[in-house]
Amino acid sequence: EAGGSSDSPVTIKNIERELICPACKELFTHPLILPCQHSICHKCVKEILFFTLEDSFTDLGSESSNQSSPRIRIHSPSLDRIDRVNRSGWKRNSLTPRTTIFPCPGCRHDVDLGERGINGLFRNFTLETIVERYRQAARAATAIMCDVCKPPPQESTKSCMDCSASYCNECFKIHHPWGTVKAQHEYVGPTTNFRPKILMCPEHEMERVNMYCEICRRPVCHLCKLGGSHANHRVTTMSTAYKTLKEKLSKDIEYLISKESQVKGQISELGLLMKETECNGERAKEEASNNFDKLFDVLEERRSAALRAIEASKNLRLERLQTQIEEYQGLLENSGLVGYAQEVLKETDQSCFVQTAKQLHIRIQKATESLKSFRPAAQTSFEDYVIDITKQEEVLGDLSFYSSGLDVPEINEEKSRMYNKALICWEHLVKEDSADTYILEYRKLNREEENATWQEIEACSKSKVISDLENNSSYAFRVRGYKGSICSPWSREVILHTPAAPVFSFLFDDKCGYNSERLMLNPRRTSVESRAGFPLLLGAERIQAGCYTTLDYIIGDTGITKGKHFWAFHVESYSFLVKVGVASNTKLQEWLHNPRDVTSPRYEQDSGHDSGSEDTCFDSSQPFTLITLGMNKFFIPKAPTAPKDSANRILPMPSCIGICLDCDRGKVGFYDADHMKCLYERQVDCSGTMYPAFALMGSAGIHLEEAITAKYLEYRDDM
C-alpha cells in the first residue's frame with residue numbers, strides 16, 4: 001500500500017545511504033530508473049540533460065561528433081529553459097549533437113536515454129515509497145497538514161490517492177461527499193507519496209506493463225512485444241519475473257540473516273585489523289622519517305663541505321685582488337713607489353745610486369709591463385663550484401616504496417585500443433596478481449612540447465578507459481603497480497594514436513536498399529553478413545545462360561553534411577569481396593528508384609576485374625565511392641598512369657579498417673585503424689548528405705567498431 005504503512009523506525013534503520021540520490025546527495029525525489037538499473041531524481045536528470053544540451057550548443061563550432069560524457073555543473077537552470085529542452089527533440093539523422101547521453105552518477109557508465117529521453121524511463125515507485133516511510137519515521141511526531149484548510153491548516157487524517165492530496169476530517173467530508181464519484185476514491189493514512197495505482201508503459205501511455213524483457217531488463221507492455229522496440233526480444237510474464245526476483249531476493253536476505261554471527265565476527269576482526277593497521281602505519285611513518293633524516297644528514301654534510309670550499313676559494317681570490325690593488329696604487333704619483341723613486345733620483349753619489357736604483361728599476365719596469373697587459377690576479381666566476389644535481393633529482397623523483405618482489409606490469413598492445421576513447425589493458429608476465437592498485441600515466445607526444453607533463457589516473461583493475469584525448473594525436477602510456485606500501489618500476493612505454501577525426505556513431509540501415517534475402521543483420525544492427533543462400537543456389541542452374549552474382553549494398557542510418565568524421569569496422573577474414581566507402585544521399589535516392597539490369601556485370605561499379613578503373617574514374621551516375629577488400633587483401637585503386645603490374649597495389653588487409661570523411665575538403669581516406677595509418681585517399685563530391693556505405697558479394701561479414709564505453713563497460717544483472 002502506497003505510503004499508508006506505519007512501519008516503526010526499527011524496520012528502516014541504517015538504510016539512509018541507500019535512499020540518497022548519487023547526483024544531488026539528498027533523499028530521492030520522484031526517482032527514475034536508468035538503463036543501468038541505478039536510480040536518480042527526476043529533477044537531477046533534467047538538470048544533467050539541460051547542461052548537456054547547453055554544452056552541445058557551445059561545441060557546435062568545433063563540428064565534433066564525439067559523443068563524450070557531459071560535465072555536470074552545480075548551478076540550477078530555470079524551469080522554462082528545461083521545459084523548452086524537453087519539448088525540442090533531436091532526430092537520429094541530424095548532425096546536431098545528441099543530448100541523451102550522460103554518465104550515470106552512480107556507476108559512471110555512459111547512459112543513452114534514446115529518442116524518448118526522460119519519457120522512456122520508469123518511476124521507481126518502490127524506492128519512492130521506502131523514502132516516504134523513512135521521512136515519516138525520521139520526523140516521527142511531525143504531522144502532515146491538510147492541503148485545503150484555510151490558514152492555519154489542521155493536521156490531516158487521510159490522504160486521497162486519486163486526488164493526490166491530504167485532508168483533515170472536515171475537509172475530507174466536504175470534498176468527498178456521500179453519493180458522489182469522489183466518495184469511491186481510494187484513501188490511506190496521511191502521506192506525501194502519491195503513486196499511480198497501475199504502472200503504465202512509457203512508450204504506450206495507455207497500456208499497462210504486463211511483461212518483462214530479459215534482454216533490456218525492464219517491464220514492457222504487449223504492444224512493445226508485438227510491434228515495438230522489443231518485438232524480437234526474449235520476454236517473460238510479469239508474474240514469472242516477479243516470482244523469480246522475489247525468490248532470489250528472499251534467499252539472499254535469508255542467507256545474510258543466517259550469517260549474522262559470521263558478519264559480526266568479521267566486523268570484530270576488521271576492527272582489530274584497523275588497530276593493527278594504525279600501529280603498522282605509524283611504525284612505517286617513523287621508519288620513513290628516519291630514512292629521510294639520514295638523507296638529510298648526508299645532504300647537510302655535503303652542503304657544509306661545499307660551502308666551506310666556496311668560502312676558502314672566495315677568501316683566497318679576494319686576498320690576491322687586494323694585493324694587486326695595492327700594487328697598482330703604488331704606481332700613482334702620490335704613492336710611495338713613485339715618491340721613493342723621485343728621492344732616489346736626488347742621490348749624487350754614483351755608486352750609491354746604482355746600488356739602489358737597479359732594484360727600483362726592476363720594480364717599476366714590472367709595474368709598467370702590467371699596465372700594458374692588464375690581467376686580474378683572480379677570477380670572479382665560480383663555475384668550477386656549480387653542483388650538478390640532475391641525476392640526483394631523477395633518483396629522488398623515483399624515490400618510492402620499492403620491492404624487487406613486485407612484478408612489473410606490461411601494457412598489452414593487442415588488447416589496448418584507441419577509438420572514441422582509449423582502452424589501456426595490461427598484465428603481469430610472471431605473477432598473475434602481484435599488485436592491488438595501479439597508476440596509469442599518459443602524455444601527448446608533441447614536437448613543440450618534448451617534455452610534456454605526465455597525467456596520472458588510478459585503476460583498481462588491469463584496464464582503464466581514458467577520455468578527453470585530442471584527435472589525430474599520439475600518446476605515450478606507462479603503468480606501475482602498488483601492493484601495500486611498495487610499488488613496482490614503470491612499465492615499458494607504449495605509443496598509441498587517436499583517430500584522425502571525431503568518432504562518428506551509426507548503425508546499419510535495415511530499410512534503405514537493404515536486401516533481406518541475401519543479407520542478415522544482427523538485432524543490434526552492428527553486424528551484417530552476406531550468405532549465398534537458396535537464391536544463389538537456384539540461380540546456379542542458369543549459370544550457363546549468363547547469371548551473375550551481384551553486390552548487395554547496405555548503408556548507415558545516420559547522414560553527414562559537414563565536418564570531419566571517422567568510423568571503423570572489422571571485415572571477416574573469410575570474406576570473398578567487400579567494398580567500403582561513402583554514398584551520396586541525392587544520387588542514392590535516384591539510384592534506388594531506378595532499377596537496373598542486375599544480371600549484367602557491366603552494371604556493377606566494380607565487376608571484380610582488376611582494372612581498377614571503376615574506382616579511379618569518378619562516375620557521376622554512381623552514388624558510391626568505394627574501395628575493394630577481399631580474400632584478406634586491401635586493394636588500392638589503380639591510377640590512370642600506373643603500370644599494369646598490380647602487385648604494388650595489394651596490401652594485407654588490416655584487422656580493423658577506418659574511414660575518415662572530410663566534407664569541408666571533399667576527401668575520404670581509408671586507414672589501418674590499428675595503427676591509424678592512411679592507406680589511400682581520394683576526392684569525393686560532398687554536396688549532399690553522405691552516408692557510410694558497404695557492399696558484399698558471396699560469403700562476407702562486416703562488424704562495426706563499437707564505442708569503447710559501450711563494448712567494455714557492460715551492465716551486469718543476474719536476470
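**View 1. Leu295 in helix α7 and the nonpolar surface patch of this predicted model.** Leu295 lies in helix α7, where helices (H or I, at least four residues) and strands (E, at least two) are DSSP runs numbered from the N terminus. Leu295 is partly exposed, with a relative accessible area of 36%, the term covering values between buried (under 20%) and exposed (over 50%), with a 1.4 Å probe and protein chains only. Together with Phe292, Phe296, Leu299, Leu396 and Leu399, Leu295 makes a nonpolar surface patch of about 570 Å², to which helix α7 (residues 260-329) gives the most, with 4 residues. Such patches are made of residues with over 30% relative accessible area and no salt bridge, nonpolar side chains being joined within 5 Å.

**View 2. The open sheet β7-β6-β8.** Its 3 strands pair in the antiparallel sense, and β7 (165-167) and β8 (187-188) stand at the edges, each with a single partner strand, so one side of each has no neighbour in the sheet. Strand β6 (residues 158-160) pairs with β8 over 2 bridges, pairing requiring that DSSP finds at least two bridges. Cys160 stands opposite Tyr187 in β8.

**View 3. Residues 58-98, where pLDDT stays under 50.** For this stretch the model has 69 contacts beyond four places in sequence, a contact meaning heavy atoms within 4.5 Å. The mean pLDDT (the predictor's confidence in each residue, from 0 to 100) of the protein is 77. Where pLDDT is low, the predicted coordinates should not be read in detail.

Residues are numbered from 1 along each chain as its sequence is written, and side-chain values use heavy atoms, without hydrogens and water. In this predicted model, local features need pLDDT of at least 70 and side-chain atom pairs count only at pLDDT 80 or more, whereas totals for chains, interfaces and linings use all residues.

Key. Patches are made of residues with over 30% relative accessible area and no salt bridge: like charges are joined within 9 Å, nonpolar side chains (Val, Leu, Ile, Met, Phe, Trp, Tyr) within 5 Å. Accessible areas come from the Shrake-Rupley method with a 1.4 Å probe; for residues, only the protein chains shown count as cover. A salt bridge is a side-chain nitrogen of Lys or Arg within 4 Å of a carboxyl oxygen of Asp or Glu.
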